[in-house]
Amino acid sequence: MKALVLERKGELSLREIDLPLDVGPRDVKIAIHTVGVCGSDVHYYTHGAIGSFVVREPMVLGHEAAGTVTEIGAEVAHLKVGDRVCMEPGVPNMSSRASKLGIYNVDPDVRFWATPPVHGVLMPEVVHPEAFTYKLPDAVSFGEGAMVEPFAVGMQAATRARIVPGDVAVVIGCGPIGIMTALAALAGGCSAVFISDLSAPKLAIAAQYPGVTAVNITEASLQETILAATDGWGADIVFEASGSPRAYQGIFDLMRPGGALVLVGLPVEPVAFDIPASIFKEARIETVFRYANNFDRAVNLIASGKVDLKPLITDTFDFTDSIAAFDRAAKGLPEDVKIQIRMPS
Ligand code: ZN
């Protein structure tokens, strides 16, 4: 079958690849419909590596996917042929200590699509465990289904924050994950979310959502804005979603005493931050790595209409134009939130 293959850093090809498609007793086979282009896919294309994950052999890209079940294993109980589904791309060892603790996202043995050496899903068909495949209600489109994966990161951030109804939150960084985090925080009970960035087009997209206030830090001080909005008290929760070392300067000045800092953005290098400032506020610091136990909740929120991700799908390319889709994503245009690729049906 034809797949989008990252041959090596900087070189993509649409070509035939032979991959096993054996359906085990608890697996389903899925005809892929839509795949989102993720920052990580683009980073492997442009840099050939993320941290210690290095592309050493040709690898199929893509991990944000939705499609239709075409075959089921003998022991599959909850899915049937014809079901529209989205897939959780990381499959852990279910017997591992991490999985038994419910933190399967940090299982050292997790196999995650399009993370070397594991192939992704920019190809017509894939086989996946039923346990990590989620049925999409009729109200959820394939495009939205392929948005569940990045939204699950925002869901994980909101979950780790332990939001209390009425909390005020700040999200630093208005990329796709920052916006998804803001939407998950609102769905989780925040009364207001302030989102900051340097890019006016990005902020304009986030500001479409009721409850989200955009703060352009080239025009206004984020700290002054937050303190003015909270009578000098500070935000209950600060989500760092930019990955920028500069975001850590004065980050605890945004937070109320006893607030939470949730680290979502992944800096390229280690970052220094002000430990005394965090101690004086007895800040609770949480980290987010992918997600666990959030896909079903994410699908439910989208189906309920409480979270509308459709405005974030800013362009869709045909599979035959996948390389152009990646070259476009690599430009990092501020008005592009999520680019998706649609398989030929
Ligand atoms: Zn992703």
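Which residue in S2 does Leu6 stand opposite? Select Leu6 together with Leu12, because strands are taken here as DSSP runs (E, at least two residues; helices are H or I, at least four), numbered from the N terminus, and in these terms Leu6 stands opposite Leu12 in S2.

Before going further, note that this is a predicted model, in which local features need pLDDT of at least 70 and side-chain atom pairs count only at pLDDT 80 or more, while totals for chains, interfaces and linings use all residues. Residues are numbered from 1 along each chain as its sequence is written, and side-chain values use heavy atoms, with hydrogens and water left out.

**Stop 1: the sheet at the start of the chain**

Select strand S1 (residues 2-8) and S2, which pair in the antiparallel sense over six bridges; two strands are said to pair if DSSP finds at least two bridges between them. Add S6 to the selection to see an open sheet of three strands in the order S2-S1-S6, with antiparallel pairing. The edges are strand S2 (11-16) and strand S6 (59-60), each of which pairs on one side only.

**Stop 2: the zinc ion and the strands beside its donors**

Select the zinc ion with Cys38, His63, Glu64 and Glu149, whose donor atoms (SG, NE2, OE and OE, in that order) lie 2.2 to 2.6 Å from the ion. Donors are N, O and S atoms within 2.8 Å of the metal (3.2 Å for Na, K and Ca), and since water is not among the atoms, sites may look incomplete. Along the chain, the donors follow the spacing C-x24-H-E-x84-E.

The angles among the four donor atoms run from 84 to 170°, and the site is irregular. Four donors count as tetrahedral if all angles lie between 85 and 135 degrees; four count as square planar, and six as octahedral, if opposite donors are over 155 degrees apart and all others between 65 and 115; anything else is irregular.

Both His63 and Glu64 are buried, where buried means under 20% relative accessible area, exposed means over 50%, and partly exposed lies in between (1.4 Å probe, protein chains only). Keep Glu64 selected and add Gly36, because Glu64 in S7 is the bridge partner of Gly36. Strand S3 (residues 27-36) and strand S7 (residues 64-72) run antiparallel and are joined by eight bridges. S7 is also joined to strand S8 (residues 84-87), again antiparallel, by three bridges, and Thr68 has Arg84 in S8 as its bridge partner.

**Stop 3: a parallel pair**

Move to S13 and S14, which pair in the parallel sense over five bridges, with Ile195 in S14 as the bridge partner of Val171. Strand S14 (residues 192-197) is mostly covered, five of its six residues being buried.

**Stop 4: backbone details in loops**

Select the loop between strand S10 (111-112) and strand S11 (125-129), where Pro117 lies; the peptide bond from Pro116 to Pro117 is cis, with omega near 5°. Ala114 is found in the loop between S10 and S11, and its phi is near 55°, a positive value in a residue other than glycine. Ala114 counts as buried because its relative accessibility is 1%.

Arg162, in the loop between helix H4 (148-161) and strand S13 (168-172), likewise has a positive phi near 55°. At 53% relative accessibility, however, Arg162 counts as exposed.

**Stop 5: salt bridges**

The structure holds 15 salt bridges, each being a side-chain nitrogen of Lys or Arg within 4 Å of a carboxyl oxygen of Asp or Glu. Select Lys135 and Asp83, whose side chains meet in one of them at 3.2 Å, N to O. This pair links distant parts of the chain, with Lys135 in strand S12 (residues 133-135) and Asp83 in the loop between S7 and S8, 52 residues apart. Lys135 counts as partly exposed at 44% relative accessibility, whereas Asp83 is buried at 4%.

Next, select Arg328 and Asp336, which form a salt bridge with the closest N and O atoms 2.7 Å apart. Finally, select Arg160, Arg162, Arg284 and Glu286, which salt bridges that share partners join into one network.
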